[in-house]
Amino acid sequence: MIIHVGPKTKELFKETVVSKINKLRSVFFLILFILPFLVYFSFKINWFSSGSVSNHDITASVAKVIAGDHTGTAFLISPSKLITAKHVVVLSGLMEGSILELEFVKAPSSFASLRAKVLFIPKEANSDFAILELEKPINELQALTKGNSDDVQINEQINIIGYPGGMFSSTTGSISNNNMQESSDIMQVDAGAWPGSSGGPIISK
């Protein structure tokens with residue numbers, strides 16, 4: 001069967017195609033205009049965050065602890081709380097409620113020097129940690145997530161961040177023994193750590 005397409009039909013078809021092209025062109029330029037703003041705001045509010053953090057995020061959340069004449073390390077576990085080593089606090093003669101200074105050396109300058117109180121010190125002799133609480137929460141820095149010791153493997157690559165001698169340090173190494181004592185979380189590592197690194201995080205790669 002042969003269908004005859006007249007000039008009027010052709011003209012209508014042409015107008016329809018041109019109209020669709022114009023609409024697509026308008027949409028394209030609208031997207032092109034909006035896209036940069038969309039990308040900017042998506043990163044600002046973490047639309048694409050998968051829960052992972054960059055190396056810069058990690059180091060920014062690790063603070064130098066100044067407790068009297070001693071220095072140590074602490075890291076954020078929430079916007080207002082940090083964990084450090086118990087002996088960093090106790091050896092300085094501090095107790096629950098005491099105030100100490102923190103320096104977030106790798107964070108923006110507005111967080112460089114802050115105050116925190118000793119919120120909790122465990123009574124158990126084998127519990128070498130203490131919880132600190134900031135006077136004001138920090139929502140701009142990434143809180144670090146505690147790992148599971150059962151998942152740690154021998155030869156797993158790690159990164160130790162701390163402030164030995166009050167100076168920032170980031171060393172790499174691996175887990176050389178993940179089960180030194182049965183029914184404990186004590187592990188052996190071959191990465192460098194010195195006095196002042198106490199309380200700092202060991203980051204699994």
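In which strand is Thr-171 found? Select Thr-171 in your viewer, and you will be in strand S8, which covers residues 169-177. The model you have open is a predicted one, and this tour moves through it by starting from that single residue.

**Around Thr-171**

Thr-171 counts as buried, because its relative accessibility is 15%, and the cut-off for buried is under 20%. Show its surroundings next: leaving aside neighbours within four places in sequence, Thr-171 is in contact with Ile-158, Asn-159 and Ile-160, and also with Ala-191, Gly-192 and Trp-194. If you draw a line from the C-alpha of Thr-171 to the C-alpha of Ile-158, it spans 8.5 Å, although the two residues are 13 apart in sequence.

**The whole chain**

Now zoom out and colour by secondary structure, which comes to three helices and ten strands in the protein chain. Followed along the sequence, these elements come in the order α-α-β-β-β-α-β-β-β-β-β-β-β. Of the 205 residues in the protein chain, 31% are buried. Among contacts between residues at least 6 apart in sequence, 58% join residues at least 24 apart.

**The barrel**

Select strands S1 to S6 together, and a closed barrel of six strands appears, in the order S1-S2-S3-S6-S5-S4 and with antiparallel pairing. Neighbouring strands of this sheet are turned against each other by 40 degrees on average, with direction ignored.

Begin the walk around the barrel at S1 and S2, an antiparallel pair held over six bridges. These two strands form a hairpin with two residues between them, and Gly-68 in the turn has a positive phi of about 65 degrees. Ile-66 is a useful residue to label here, since its bridge partner in S2 is Thr-71, while its bridge partner in S4 is Glu-101.

Strand S2 deserves a selection of its own: five of its seven residues are buried, so S2 is largely enclosed by the rest of the structure. From S2 the path leads into S3 through another hairpin, this one with four residues between the strands. S2 and S3 pair in the antiparallel sense over three bridges, and Phe-75 stands opposite Ile-83 in S3.

Pause in the loop between S2 and S3, where Ser-80 is found. Is Ser-80 buried or exposed? Its relative accessibility is 16%, so Ser-80 counts as buried. Apart from neighbours within four places in sequence, Ser-80 is in contact with Leu-132, Glu-133, Leu-134 and Pro-137.

On the other side of the walk, S1 and S4 pair in the antiparallel sense over three bridges, and S4 and S5 do so over five bridges. Leu-100 has Ala-116 as its bridge partner in S5. Four bridges then join S5 (residues 113-120) to S6 (residues 130-134), again antiparallel, with Val-118 opposite Leu-132 in S6.

**Two faces and two cores**

In a regular strand the side chains alternate between the two faces of the sheet. Show the side chains of S4 to see this: Leu-100 and Leu-102 point to one face and are buried, whereas Ile-99, Glu-101 and Glu-103 point to the other face and are not buried.

Leu-100 and Leu-102 also belong to the largest nonpolar core, which has 23 residues; they are among those with the most contacts inside it, together with Val-65, Leu-82, Phe-104, Leu-132 and Leu-141. S1, S2, helix H3 (86-90), S4, S5 and S6 each supply at least two residues of this core. A second, separate core has seven residues, including Ile-58, Val-62, Ile-161 and Ile-203.

Back in the larger core, centre the view on Leu-141, which, leaving aside neighbours within four places in sequence, is in contact with Ala-60, Ser-61, Leu-76, Phe-104, Ala-107, Pro-108 and Phe-111.

**The largest pocket**

Switch on a surface to look for the largest pocket, which holds about 1900 Å³ of space. Its lining is made up of 44 residues, and Phe-75, Lys-146, Gly-200, Pro-201 and Ile-202 lie nearest its centre. S3, S7 and strand S10 (202-204) are the elements that give two or more residues to this lining.

**Last stop**

Finish at Asn-155, in the loop between S6 and strand S7 (157-162). Most residues other than glycine have a negative phi. Asn-155, although not a glycine, has a positive phi of about 75 degrees. Asn-155 counts as exposed, because its relative accessibility is 56%.

Methods
Residues numbered from 1 in each chain as written. Predicted model: local features only at pLDDT ≥ 70, side-chain atom pairs only at ≥ 80, totals over all residues. Heavy atoms only, no water. Pairing = 2+ DSSP bridges. Axes fitted to C-alpha atoms, helices over the stretch in contact; angles between N-to-C directions. Core = buried A, V, L, I, M, F, W, Y, C linked by side-chain atoms within 4.5 Å. Buried < 20%, exposed > 50% of the residue type's maximum accessible area, 1.4 Å probe, protein only. Contact = heavy atoms within 4.5 Å. 1 Å grid on protein atoms, 1.4 Å probe; cavity = no way out; pocket = protein on both sides within 12 Å on 5 of 7 lines; lining within 4 Å. Points joined across faces, edges and corners; volume = space filled by probe spheres on them.
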